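This report introduces a protein model together with its ligand, beginning with the ligand's surroundings and going on to the aromatic side chains.

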Amino acid sequence: MVGFLETLGARAPIVQAPMAGAAGAALAIAAMRGGAVGSLPCAMLTPEQLAAQVAEVRAAANGPLNLNFFCHRLPEPAPDENAWRALLAPYYAEEGVAPGPPPPLRRPFDDALCAAVEQARPAIVSFHFGLPEASLLARVRGAGALVFGNATTAEEMRWLAARDVDAVIAQGAEAGGHSGWFLGPAHRPTPLAELLAEKIAVPVIAAGGIVDGADIARALSAGASAVQLGTAFLAARESGIAAPFRALLGTRVPTGFTNLFSGREAQGIVNRLMRELGPIRDEVPAFPYGSNALAPLRAHAEADGRGDYSPLWAGTGVARVRAMGAEELVGRLLAELAQARGRA
Ligand SMILES: Cc1cc2nc3c(=O)[nH]c(=O)nc-3n(C[C@H](O)[C@H](O)[C@H](O)COP(=O)(O)O)c2cc1C
């Protein structure tokens, strides 16, 4: 049986999830060599950096490449950060650091990034936090890319399908990283199994808590056309995460949703800041400004081997991930999937 991604040239029904801040070209190359769809997270890249990373991937691997962007709205004016900085003041004092210049802002998909997509002509463009305006979407399609949208509720799945996306990524409550919710007044984490029960007219890519071939087999038999794995690929050699974060992968650690690190709900391993402040605080400036004030604390602690102030984004499958190269991981997943299907 030829699956949806296989018709695009992939050898596995697997998308290596884009993971901004945690992985880049090296992971995409290794995943593509294994036969998965490789993804480049572009939310924090300039158009020039994007072009350079695409060239790096194309020089080293064949197969379908996905470029991933965010479609959030930048709050205008920029939010006041005083209440949040006051809450963090004891940590600045304890660590002996001072507020520094803000890190690069995560920017929504815009004209300049769209022009970079038109140049790069990727097989797939995926969007998190909704879709861009119609004129930009038309240009992406005009460049020959399939459009994937991310949904966190049945309502978002139907909304995206009604806009003729080529596939919907069903991001369950088990998923690591930012929840891409974009409809309704609040974040409503929905288990992946519930999302997969929603039948829509476009292919569904299951995401959240999937780390081995048996998980993939379950998602496919529940109606998904493919799967998207993030946390499983974080443990790969080619991801770019700091040592204290890597050390926690494959161990039994609690995860939870927090807005502390960016201003939007994302799932990660519970760390000191989440424990001491509580995972959700009103004082955090709106996304994407929430990460500014933490940057010097995070850098200082990471240099000291601690992830006390770092987003340790990971899904509920974190204890089961396996450390190996991403190419080998895709091969292992395919073998396990064949075995699980043989048993079914
Ligand atoms: C470290 C990390 C960073 C992520 N960054 C992005 C991103 O930049 N864009 C995006 O669409 N999804 C991002 N995600 C979410 C993934 O696309 C996907 O929904 C999730 O990893 C699936 O759940 P899993 O981690 O349990 O496999 C990220 C996930 C993680 C773990």
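A polar contact is a pair of N or O atoms within 3.5 Å. In this predicted model, an N or O atom in the side chain of His 128 lies 3.2 Å from an oxygen atom of the ligand, and two further distances to the ligand are set beside that one in the table.

| Protein part | Ligand atom | Distance |
|---|---|---|
| Asn 68, polar side-chain atom | nitrogen | 2.8 Å |
| His 128, side-chain N or O atom | oxygen | 3.2 Å |
| Gly 230, polar backbone atom | oxygen | 2.9 Å |

Taken on its own, the ligand has 590 Å² of accessible area, of which the protein covers 97%. Strand 3 (65-70) and strand 9 (226-229) are the elements that give two or more residues to the surrounding shell. There are 22 residues around the ligand, and those that come nearest are Pro 18, Asn 68, Gly 209, Gly 230 and Thr 231; by type, the shell divides into ten nonpolar, eleven polar and one charged.

The structure also holds ten aromatic pairs. In one of them, the ring centres of Phe 70 and Phe 129 are 4.9 Å apart and the planes stand at 70°, so the pair is edge-to-face. Because Phe 70 lies in strand 3 and Phe 129 in the loop between strand 4 (124-128) and helix 5 (134-142), this pair ties together parts that are 59 residues apart in sequence. Both Phe 70 and Phe 129 are buried.

Elsewhere, Phe 69, Phe 109 and Phe 127 form one aromatic cluster. Arg 163 lies over the face of Trp 159, at 3.8 Å from the ring centre, while Arg 264 lies over the face of Trp 181, at 5.1 Å from the ring centre.

Methods:
Residues numbered from 1 in each chain as written. Predicted model: local features only at pLDDT ≥ 70, side-chain atom pairs only at ≥ 80, totals over all residues. Heavy atoms only, no water. Near = heavy atom within 4 Å. Polar contact = N/O pair within 3.5 Å; in protein donor to acceptor, adjacent residues only side chain to side chain. Areas by Shrake-Rupley, 256 points an atom, 1.4 Å probe, with all protein chains shown as cover. Helix = DSSP H or I, 4+ residues; strand = E, 2+ residues; numbered from the N terminus. Nonpolar A, V, L, I, M, F, W, Y, C, P; charged D, E, K, R; others polar. Phe/Tyr/Trp six-rings, centres within 6.5 Å; stacked < 30°, edge-to-face > 60°. Buried < 20%, exposed > 50% of the residue type's maximum accessible area, 1.4 Å probe, protein only. Lys NZ or Arg CZ within 6 Å of the ring centre and 35° of its normal.
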